[in-house]
There are 2 protein chains.
Amino acid sequence: MTYGLGLFLEDGIVLTTDTRTNAGVDHIATITKLSLMQTPGERVMFLASAGNLATTQAVVTLLNQRLKNEESDTNLNKAQTMFDGASMVGSVLRDVMNDNATFVQGYGDPSASFLFGGQIKGGKHRLFMIYPAGNFIEASPDTPFLQIGETKYGKPILDRAMAHDVDLTEAVKLTLISFDATVRSNLSVAAPFDMIIYRANSIGPVEVRRVGEDNAYYHQIKDAYNAEIRDFVRSLPATDWEECA
Amino acid sequence: MTYGLGLFLEDGIVLTTDTRTNAGVDHIATITKLSLMQTPGERVMFLASAGNLATTQAVVTLLNQRLKNEESDTNLNKAQTMFDGASMVGSVLRDVMNDNATFVQGYGDPSASFLFGGQIKGGKHRLFMIYPAGNFIEASPDTPFLQIGETKYGKPILDRAMAHDVDLTEAVKLTLISFDATVRSNLSVAAPFDMIIYRANSIGPVEVRRVGEDNAYYHQIKDAYNAEIRDFVRSLPATDWEECA
C-alpha cells in the first residue's frame with residue numbers, strides 16, 4: 001500500500017509519498033514513488049504514484065523516455081499548461097492499462113492513480129489527481145489537498161487543520177502528522193517518506209527530500225503531537241451525563 | 001455504511017453506533033444498530049451491528065426471540081459467560097449466512113459484523129468483536145477499543161489518546177471526537193448516534209442514549225475540538241528546512 005498526499009497552498013505545493021512497496025508479506029522493499037521532471041526556470045513537474053507497481057513504473061518510465069522525443073504527443077516538455085500535462089499522464093496510464101490490464105487482472109489489481117503537480121512559466125502552480133480511469137480532478141482553494149492510496153487514516157487531521165492559506169512550514173508539519181497517523185494504523189505504509197516542497201513561482205530547481213524514521217524534525221513533531229494530543233483532549237470540557245457520574 | 005465503536009475500560013464499556021442506513025443513495029433512513037438484552041442484577045448484554053441490514057436484523061431478532069426459549073442453545077440468557085454469549089452471536093450469524101448468503105451475493109455483500117459486550121453476575125465486564133465468519137476476538141487492556149464498519153477515519157485519535165484506564169467521561173469525549181472525524185469524512189455515517197455507557201459491576205439497568213446533531217455536549221465537544229486543534233498544531237515546533245524558508 002501507499003500513502004500519497006499533495007497539499008495545494010497559496011505559497012506552493014507539498015507533495016509526499018511513503019516508500020514502502022510490497023507484493024505479499026514476504027516481498028517488502030523501499031522504493032521511490034515520487035518522480036521529478038524539471039527544466040528550472042521553464043517548467044517543474046512532479047508525479048506521485050500509488051497502485052500496481054508495474055503499472056506505475058511503466059507510466060513513469062514512458063513519461064521520462066518521451067521527455068526528449070519531439071514526435072511524442074505525451075512529451076511533458078511540450079505541455080503548454082499543467083492541465084495538458086495531466087492529460088498526458090492520464091493518456092499514458094490508459095495506454096499501459098490497455099496493454100496490460102487483461103493479463104494482470106487474474107493475479108491482482110493492475111490499476112494505479114497519480115498526483116501530478118508543478119508549474120510552467122507563465123502559468124500558475126497547479127495540482128491534479130489522476131484516477132485509474134485516466135480522468136482527473138484539480139485541487140483548488142476549497143479543496144486544498146488531494147490523496148492517493150491508503151487515504152483514510154491521514155484525512156481527519158487535514159479536514160480539521162489544513163487550509164489553502166497555511167504556509168510551507170505549517171504544511172510540512174501537517175504532512176508529517178498525517179503520515180504518522182497512517183503509519184501508526186497501517187503496517188503497509190512506512191517511513192522513509194519522499195517529499196517535494198515547491199515554492200510557488202520559483203520554477204525550480206526542486207529536490208526530493210527523504211525523511212527517514214530517524215529524521216530529527218519528524219521525530220520532534222510526532223513525539224510532540226503524540227505527547228500533547230492526549231493533554232489537549234483532556235483539557236476539553238467533560239460531559240455531565242448521569243451515566244458517567 | 002456504519003461506524004460502530006466499543007471502548008473497553010477499567011471503569012466499564014462505552015459502545016456507540018451511528019444510525020444511518022442506506023440501500024443506494026435514494027433510500028436513506030435512521031435506524032438503531034444497538035440492541036440491549038438485560039436482566040438487571042443478573043446480566044447485561046449489548047450488541048452493535050454493521051453490515052447488511054437484512055443479515056443484522058435477522059441475527060438480532062433471532063437472538064431476541066430465543067431469550068425466552070429454554071430449549072435453544074443460542075439463548076443469551078443461558079450463557080454462563082460473555083465468551084459463551086459471543087459464541088452464540090457468532091453461531092446465529094453463521095446460520096443466517098448459511099440460509100441467505102448464496103441468494104444475496106448477486107445483489108450485494110450479505111456479510112455482517114458485531115460488537116458484543118456486557119457483564120454476567122460473577123464475571124467481569126467484557127467486550128468482543130464478531131467477524132463475518134462468526135469467529136471473534138476480545139478487547140483487553142492492551143487492545144482497549146474495537147471497531148466495526150467504516151473504522152479508519154475515527155481510528156487515529158483513538159490510537160493516540162485512548163487507553164484502558166481513561167474514565168467514562170473521557171471515553172465519551174473520545175467517542176464523540178472519533179465519530180465526528182468519521183462524519184466529517186464519510187457522508188454515509190451520520191448523527192444521531194446511539195450510545196450505551198456501562199459502568200463495570202453495575203449490572204444494569206442500562207439505557208441507550210441517543211445523541212443527535214443538536215445534542216448540547218456533542219456540539220460543545222466537536223466545536224471546541226475543531227476550533228482548538230488548529231491552534232494546537234500551530235503551537236508545535238516549525239521546521240527550519242531551507243525549502244520552507
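The following exchange concerns the contact between two chains and the helix packing in chain B.

Colleague: What kind of model is this, and how are residues and chains labelled?
Modeller: This is a predicted model, in which local features need pLDDT of at least 70, side-chain atom pairs count only at pLDDT 80 or more, and totals for chains, interfaces and linings use all residues. Residues are numbered from 1 along each chain as its sequence is written, while chains are lettered from A and ligands numbered from 1 in the order in which they are written.

Colleague: What rotation superposes chain B on chain A?
Modeller: A rotation of 180° with 0.0 Å of shift along its axis does so, with an RMSD of 0.0 Å; the fit is by least squares on the C-alpha atoms of residues with pLDDT of at least 70 in both copies. That is the relation of a two-fold axis.

Colleague: How many residues of chain B are in contact with chain A?
Modeller: 37 residues of chain B are in contact with 36 residues of chain A, where contact requires C-beta atoms, placed from the backbone, to lie within 7 Å. Because 97% of the interface residues of chain B are also interface residues in chain A, the copies meet through the same surface.

Colleague: Which element gives the most to that side of chain B?
Modeller: α5(B) gives the most, with 11 residues. Helices here are DSSP runs (H or I, at least four residues), numbered from the N terminus.

Colleague: And the residue classes on that side?
Modeller: They divide into 21 nonpolar, five polar and 11 charged. Ala, Val, Leu, Ile, Met, Phe, Trp, Tyr, Cys and Pro count as nonpolar, Asp, Glu, Lys and Arg as charged, and the others, Gly among them, as polar.

Colleague: Changing topic, at what angle do α4(B) and α5(B) pack?
Modeller: Helix α4 (residues 168–185) and helix α5 (residues 216–235) of chain B pack at about 70°, with their axes 10 Å apart. Axes are lines fitted to C-alpha atoms over the stretch in contact, and angles run from 0 to 180 degrees between N-to-C directions. The two are therefore roughly perpendicular, a term covering 65 to 115 degrees.

Colleague: Which residues meet there?
Modeller: B:Lys173, B:Leu176, B:Ile177 and B:Asp180 in α4(B) meet B:Tyr218, B:Ile221, B:Lys222 and B:Tyr225 in α5(B). By class, this contact has five nonpolar, no polar and three charged residues.

Colleague: What about α1(B) and α2(B)?
Modeller: The axes of α1(B) (residues 53–65) and α2(B) (residues 82–104) come within 9 Å and cross at roughly 130°. Their contact has nine nonpolar, two polar and no charged residues.

Note on methods. Angles under 35 degrees count as roughly parallel, over 145 as roughly antiparallel, 65 to 115 as roughly perpendicular and the rest as oblique. Two residues are in contact if their C-beta atoms, placed from the backbone, lie within 7 Å.
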